[in-house]
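Open the model in your viewer and keep the selection tool handy. We will take it one stop at a time.

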Amino acid sequence: MEIYLKEKLNTSLFTAVGHARGGCISQGQSYVTDRGRVFVKINHKPEARKMFDGEAASLEAILKTHTVKVPRPIKVANIPTDGAVLVMEHLDINPLSSYAAVLGEQLADLHLHNQKLGRKLWKERATIGKHRNNSEDVLFVDQFGFHVVTCCGYIPQVNEWQSDWVTFFTCQRLQPQMDLIEKDYGDREVQELWSQLQLMVPALFCDMEIVPALLHGDLWKGNVAEEPSGPVLFDPASFYGHSEFELAIGKMIGEYCETFYSAYHQKIPRAPGFKRRFKLYQLFHALNNWNHFGLAYRPLSLKLMRHLLNSL
Ligand SMILES: Nc1ncnc2c1ncn2[C@@H]1O[C@H](COP(=O)(O)OP(=O)(O)OP(=O)(O)O)[C@@H](O)[C@H]1O
């Protein structure tokens, strides 16, 4: 494996440093190479290549916004026997502590980035001859989705472009999770709740205009850290979506201090109806955890569904 990676990275030096780090999904290890330290994620599942292609594309997209630090992706390669590897810049990271407020501000900047591009585009269109487009520019995106499949955990997400957020979230986020639960558990109770709830989802979005925002997509406490110079995000499952979706997973896991939220909401204030939509977005993560980790997440999923139905 190491000989194979040495060849792929075209480096004479390839020495493991530090201890191996296992996330919930993949194994990780840092190496010293001719061009500095790299961090290698290894996964032997058949869907590993798709997962890492999505993660690399997400890192590239976030990097281009210059809003919040993420490791620079270097290479995705198949492992000849099974699975794939993702090689990226190594970062010296510690758990998030002193940079929680800065992370709140930078995450808001990430979420506002596409909206700002949209405004700029309108201004340029109004000024004859000012429209420019070179390959380094990030272009305004007016739909929800992403150009590649990204995986939240190891489950691939349906990222096909869609102009309506409610349709996107219902049909391309919640429905696929419900389909997996139906396939693996055949749970009548949850299906009945879902058949009622899906009709009511649009009511949570009355009079809202949602501009697609580039999201990290899997922002739980395990994917947030800091360097001496500032906060860092890693392991994204990006797509263009509603910025509020991003906040729900952190809260569900009970992490991030209030300084993070207040710094974020200084830049993106809570819109009316935020609390109920928050539960809807938590529901996605509860279902996704159910599909990854099993029945322990069923009670939370049912509780959120009942809560939403009673509040509508
Ligand atoms: N670029 C990096 N440089 C150094 N360490 C890293 C880097 N990226 C990740 N790590 C470390 O490796 C651990 C596992 O990485 P990561 O979260 O990407 O794995 P995963 O199995 O895909 O994710 P998860 O546990 O979120 O499902 C992280 O908690 C972090 O400590």
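The tour starts at the ligand and then turns to salt bridges.

This is a predicted model, in which local features need pLDDT of at least 70, side-chain atom pairs count only at pLDDT 80 or more, and totals for chains, interfaces and linings use all residues. Residues are numbered from 1 along each chain as its sequence is written, and side-chain values use heavy atoms, with hydrogens and water left out.

Select the ligand and the 18 residues around it; Cys-24, Ile-25, Ser-26, Lys-41 and Asp-235 come nearest (near means a heavy atom within 4 Å). Domain 1 (1–90) and domain 2 (95–310) each give at least three residues to this shell, with bounds from an automatic or database domain assignment.

Next, show the polar contacts (pairs of N or O atoms within 3.5 Å). A polar side-chain atom of Lys-41 sits 2.6 Å from a ligand oxygen, while polar backbone atoms of Glu-89 and Leu-91 lie 2.9 Å and 3.0 Å from a ligand nitrogen, respectively.

Stay on Lys-41 and add Glu-55: the two form a salt bridge, with the closest N and O atoms 3.0 Å apart (a side-chain nitrogen of Lys or Arg within 4 Å of a carboxyl oxygen of Asp or Glu). Are these partners buried or exposed? Glu-55 is buried at 5% relative accessible area, and Lys-41 is buried at 11% (buried is under 20%, exposed over 50%, partly exposed in between, using a 1.4 Å probe and protein chains only).

For contrast, pick Lys-183, exposed at 64%, and its salt-bridge partner Asp-184, partly exposed at 46%.

Notes
Polar contact = N/O pair within 3.5 Å; in protein donor to acceptor, adjacent residues only side chain to side chain.
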